[in-house]
Amino acid sequence: MGSMGMPEPKKSAFVAIIGRPSAGKSTLLNHLCGAKVAIVSTVPQTTRNSIRGIVTRPAGQLVFVDTPGMHISGKKLNLRLAETALRVLDEADLVLYVLDANRPPGREEDAVAAALLKRPETVKHRTVAAINKVDAAGTAKAEAFLHAKLPELPPSRIFNISALKNEGLDTMLDCLFGMSPEGSAFYDGDCYTDQEVRFRIAEIIREKAMNKLREELPHSIYVDIADMELRGGAPQAETLWVRAFIMTERESQKGMVVGKGGAMIRKIRLAALREMKKIFDWNIELDLRVKTAHDWRSNDATLKKLL
Ligand SMILES: Nc1nc2c(ncn2[C@@H]2O[C@H](COP(=O)(O)OP(=O)(O)OP(=O)(O)O)[C@@H](O)[C@H]2O)c(=O)[nH]1
Ligand SMILES: [Mg+2]
């Protein structure tokens with residue numbers, strides 16, 4: 001026990017955010033950090049990398065690591081995404097397991113629970129479950145699922161939240177801080193992510209494209225930043241000039257990304273610019289084009305570069 005006026009020792013931990021696709025992991029990360037850190041879309045399998053978001057409070061610092069939703073598939077891209085999620089799960093101090101109250105648990109939920117079951121110590125001592133989307137649905141099914149599949153998880157570590165409406169997050173954070181080991185902060189207190197500018201810009205463009213494109217297209221694209229340069233400076237604000245390509249899997253998909261008279265790519269470009277201006281202090285010029293990288297989702301070299 002500290003003497004009067006002595007602050008409590010600070011806590012710090014890495015927290016893996018895991019769950020099936022579209023459970024709301026990235027939405028949650030963004031609200032925890034109070035900033036747009038990870039991209040979000042209505043389409044499952046949006047996140048493709050482990051993405052760090054940093055939360056600093058008087059109690060200490062939690063570094064949340066967002067992961068790709070665990071999806072069952074034998075395809076190369078999906079296997080790599082699942083590997084990423086499991087690696088983060090094993091490296092983190094704590095695990096935040098996000099469930100979607102709005103969809104009945106199915107095979108994918110079983111797979112997430114199975115991955116946790118293989119790590120019984122983690123479930124017993126280091127896992128918090130968040131039943132998300134309580135603004136849209138009741139929690140009974142998700143609760144029953146957790147009791148049946150992960151009986152070792154104490155009920156005091158199950159929280160009902162709405163990431164979208166920012167509800168229930170504070171009590172969950174208190175619990176995570178309580179479970180964290182003592183330690184000093186990993187990052188500056190005013191820092192909310194460690195992502196490089198190049199990656200963030202590619203992700204913002206991909207988010208806008210994913211949310212505007214239909215059918216298979218959201219999953220068939222990636223964004224390549226071909227060139228980036230900071231120009232000018234005082235007395236005017238600097239301008240960040242970016243040339244980026246939306247890469248499609250097949251030649252035939254380029255037309256849909258460009259749209260009639262270029263309308264689609266113009267919409268994507270303007271939405272991306274709006275978002276970038278909220279994040280960066282520079283003026284931004286974005287030259288956005290479309291290219292094809294044939295069958296990139298089965299290409300090891302491309303996957304290695306992207307994931
Ligand atoms: N109603 C409701 N919708 C939510 C909530 N949280 C997230 N969503 C929606 O769920 C969808 C998926 O959200 P994401 O945050 O991209 O989900 P994710 O788990 O990161 O998905 P992947 O990256 O594909 O694994 C989006 O349309 C979100 O707006 C919530 O609390 N309530
Ligand atoms: Mg995500």
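The magnesium ion (ligand 2) has two protein donors, Ser26 through OG and Thr47 through OG1, at 2.0 to 2.1 Å from the ion. Donors here are N, O and S atoms within 2.8 Å of the metal (3.2 Å for Na, K and Ca), and since water is not among the atoms, sites may look incomplete. The two residues come from distant parts of the chain, 21 residues apart: Ser26 belongs to helix α1 (residues 25–33), and Thr47 to the loop between α1 and β2. Helices (H or I, at least four residues) and strands (E, at least two) are DSSP runs, numbered from the N terminus. Ser26 and Thr47 are both buried, meaning under 20% relative accessible area, with exposed over 50% and partly exposed in between (1.4 Å probe, protein chains only).

This is a predicted model, in which local features need pLDDT of at least 70 and side-chain atom pairs count only at pLDDT 80 or more, while totals for chains, interfaces and linings use all residues. Residues are numbered from 1 along each chain as its sequence is written, chains are lettered from A and ligands numbered from 1 in the order in which they are written, and side-chain values use heavy atoms, with hydrogens and water left out.

The strands form an open, mixed sheet of six, ordered β2-β3-β1-β4-β5-β6; two strands count as paired if DSSP finds at least two bridges between them. Because β2 (51–57) and β6 (158–160) each have a single partner strand, they stand at the edges, and one side of each lacks a neighbour in the sheet.

Within the sheet, β4 (residues 94–100) and β5 (residues 127–132) run parallel and are joined by six bridges. Leu96 stands opposite Val128 of β5. Six of the six residues of β5 are buried. In a regular strand the side chains alternate between the two faces of the sheet. In β5, Thr127, Ala129 and Ile131 point one way, and Val128, Ala130 and Asn132 point the other way.

On its other side, β5 pairs with β6, also in the parallel sense, over three bridges. Ala130 has Phe159 in β6 as its bridge partner. Between these strands the chain passes through helix α5 (residues 140–149), in a right-handed β-α-β crossover: with the strands pointing away from the viewer, the path from the first strand over the helix to the second runs clockwise.
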